[in-house]
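Student: Please take a close look at one part of this structure with me. I would like one connected account.

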Amino acid sequence: MTSDPEVASAIQYTPLSAKTDKLRVMKGNKGTNLEFAVSHLTHSFAKVAKDVNILTAMYLQVTDIKTILAMWPSMAEQIALDEYSGDFELLGRCEQFLVTIRAIPMAKEKLQCLLLKLEIASRAEHLKQTVELVTRALNQICTSSKFTEVIRLLRDFGNLANEEFAANYKTRFSLESLLKMDHTKAFDKKTTIFDGFLQVLRVRPHTQ
């Protein structure tokens, strides 16, 4: 075993009974959460590792994969697991799982790929709904006479505020410039350009 204090501190024997000691590397909530996720597995660790390696472990739960990834061992914990040369059965259950799953190449990356594979359908549906929502919103904006009126008023208000209404009248403006309206202060150092624009909207007759 290594003499590195950080690695050595990752190893702890926790008595489970009068007859059996289990070696614990994953401690505290991290170990508890990981062991809870591992307890849901209905197949042997060897089969799970084999199926994860070829991305066919579709029986794994999304929440369990996320927990395993979130509770993935630190570098010190990985070294402690790698350097353990004792009886495999003396390891805690989640430690046994980690030793087995990490034996496959790029185990963490393959778990991430498997997670994407499991979630791809729901993600695609969510993306579809989002696109439809944005499309409806854009259609409403483009066909709204009131929105067109507000944009024209913004243009004129900006020209007036910049004292360019007559000499250098601007026929267009960037959407980024709208962000400055709430930060640019008037002479009283309190009222913003946006406050002034809202006041203009309040007193302006509305188009039906």
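Tutor: What follows starts with one helix and its partners, then turns to a second pair of helices.

This is a predicted model, where local features need pLDDT of at least 70, side-chain atom pairs count only at pLDDT 80 or more, and totals for chains, interfaces and linings use all residues. Residues are numbered from 1 along each chain as its sequence is written, and side-chain values use heavy atoms, leaving out hydrogens and water.

Start with helix α6, residues 93–101. Helices here are DSSP runs of H or I with at least four residues, strands are runs of E with at least two, and both are numbered from the N terminus. Helix α3, residues 45–53, packs with α6. Two packed helices are described by the angle between their axes and the distance between the axes. For this pair the angle is about 35 degrees, and the axes lie 9 Å apart. Axes are lines fitted to C-alpha atoms, for helices over the stretch in contact, and angles run from 0 to 180 degrees between N-to-C directions. The crossing is right-handed: the near helix is turned clockwise from the far one by less than a right angle, while anticlockwise would be left-handed.

Who touches whom? From α3 come F45, A46, V48, A49 and V52; from α6 come R93, Q96, F97, T100 and I101. Contact means heavy atoms within 4.5 Å. Seven of these residues are nonpolar, two are polar and one is charged.

Helix α6 has another link. Its E95 forms a salt bridge with R24 of strand β2, residues 21–24. The N to O distance is 3.8 Å. A salt bridge needs a side-chain nitrogen of Lys or Arg within 4 Å of a carboxyl oxygen of Asp or Glu. E95 and R24 are 71 residues apart, so the pair links distant parts of the chain. The whole structure holds seven salt bridges.

Now the second pair. Helix α2 (residues 28–38) and helix α4 (residues 62–70) have axes that come within 9 Å and cross at roughly 145 degrees. This crossing is left-handed. N33, L34 and A37 of α2 meet D64, T67 and I68 of α4. That contact has three nonpolar residues, two polar and one charged.

Technical notes. Ala, Val, Leu, Ile, Met, Phe, Trp, Tyr, Cys and Pro count as nonpolar, Asp, Glu, Lys and Arg as charged, and the others, Gly among them, as polar.
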